[in-house]
Amino acid sequence: MAEDSDQERTEQPTSKRIEKAREQGDVPRSREMATCVMLLIGGSTLWMFTGPLVTSLNRFMVSTMTFEREMAFDPALLFERMSGHFMEVAVACIPIAFLMTLAAVASPLILGGWLFNGSSLEPKFDRLNPMKGIMNLFSLNSLVELGKGILKSVLVGVIAWFAMRSHIDAVLNLSVEPLKVASSHMPNLLWTCFIMMVCALIVIAVIDVPYQLWNYTRKLKMTRQEVKQEHKESDGDPLIKGKIRALQRAAARRRMMSSVPTADVVVTNPTHFAVALKYSEGGMSAPQVVAKGTEAVAANIRKIAAENNVPILEAPPLARALHYHTEIGDEIPESLYTAVAEVLAYVFQLRTYNSNGGVRPDEPSELEVPKELDDPLYKRKAAMAAAQARAGQ
């Protein structure tokens, strides 16, 4: 059952899946909405430029039906006259053609954006498979397109019939009106009928756009296994990432261990914790932690310190406090200055003793370590207390 559920496309497409589909030229489109936009812009353009266009066409028709005697014997003169009126009509059509071209280019931007993909031009021979074509005829998308076609025909036909019926008298009157009067009435009549039929297409577009978005999402849905695989590819294989982190930790540990021989002292628990400290009077404002660790790492720090004659001091509370509240490369907290100063004073006295002899210094036994710093949960408790205090305010 688990394998069956992993193979079912129940998961929403990820942003990466959508972007990949877009790169392949697959975006949601609505032909009905594009058709409505084209018709509305085209009809509005014709309405705005009806006057100049009708005037140019009227002159063109008059010039083609009337000509002087000289034109009958001089074809060049006739051609010159016809060319002039033809250019006048062409100039009148330029704004209409420009706006219609702009509408054709801009209409896809409304849904899915403007996309150019060269892969769409590549030949795909699998489309020549007749069985696949027959299956597409009975697919859900084909049935929806058939339904839209029937609905479109019915709506446009019914509205056109009502539009013509309500304006039948005006249509019949056009035949008895003078040309100039009829040419002014006809655009208004055509515009009214046109708007009524476009409204029917708008209804279809309002239904089609949500369906196209739903169908596009349904088509890109993923199985659980595909989602897991995509996350694995984007975030990296957990096994490989684990190995990389292990290598990084090992490299960091080697760098840390290389700093132990340069330390001034190693403070231990004595077996569970080890912290190596270094202090340079001229270059540091406070002692610095150069290495720390627990268990096996602590044992290795003690071993390297012993091999390089770095003093090792057993001070369990101080070792725990330094381990809990510092990171490698950090300076020690101010609350531990006194305890660490005693440790470093002992180390410097021990160096003097090793060089010049004399009385061996005593190891510091009672170091002043604040009790709260010897608590591994101190930082968490302090943060919770601060949050509660802010909530109380």
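Helices (H or I, at least four residues) and strands (E, at least two) are DSSP runs, numbered from the N terminus. The model is predicted: local features need pLDDT of at least 70, side-chain atom pairs count only at pLDDT 80 or more, and totals for chains, interfaces and linings use all residues. Residues are numbered from 1 along each chain as its sequence is written, and side-chain values use heavy atoms, with hydrogens and water left out.

**View 1. Nonpolar surface patch with Leu143 of helix α8**. Leu143 lies in α8, which covers residues 140-166. Together with Leu146, Ile150, Val154, Val158, Trp161 and Phe162, Leu143 makes a nonpolar surface patch of about 700 Å². Patches are made of residues with over 30% relative accessible area and no salt bridge; like charges are joined within 9 Å, and nonpolar side chains (Val, Leu, Ile, Met, Phe, Trp, Tyr) within 5 Å. Accessible areas come from the Shrake-Rupley method with a 1.4 Å probe; for residues, only the protein chains shown count as cover. A salt bridge is a side-chain nitrogen of Lys or Arg within 4 Å of a carboxyl oxygen of Asp or Glu.

**View 2. Positive surface patch with Arg245 of helix α12**. Lys241, Arg245, Arg249, Arg253, Arg254 and Arg255 form this patch. Lys and Arg count as positive and Asp and Glu as negative, while His and the chain ends are not counted. The place of a charge is taken as NZ of Lys, CZ of Arg, CG of Asp or CD of Glu. Arg245 sits in α12 (residues 238-259) and is partly exposed, because its relative accessibility is 43%. Buried means under 20% relative accessible area, exposed over 50%, and partly exposed in between (1.4 Å probe, protein chains only).

**View 3. Strand β2 and its antiparallel partners β1 and β3**. Two strands pair if DSSP finds at least two bridges between them. Four bridges connect β1 (residues 265-268) with β2, and a hairpin of four residues joins β1 to β2. Val266 has Ala276 in β2 as its bridge partner. Six bridges connect β2 with β3 (residues 288-294), where Lys292 stands opposite Val275. Strand β2 (residues 273-278) is largely enclosed by the rest of the structure, because five of its six residues are buried.

**View 4. Positive phi at Glu295 and Asn309**. Glu295, not a glycine, has a positive phi of about 50°. Glu295 belongs to helix α13 (residues 295-307) and is partly exposed, at 48% relative accessibility. Asn309, also not a glycine, has a positive phi of about 60°. Asn309 lies in the loop between α13 and β4 (312-314) and counts as exposed because its relative accessible area is 69%.
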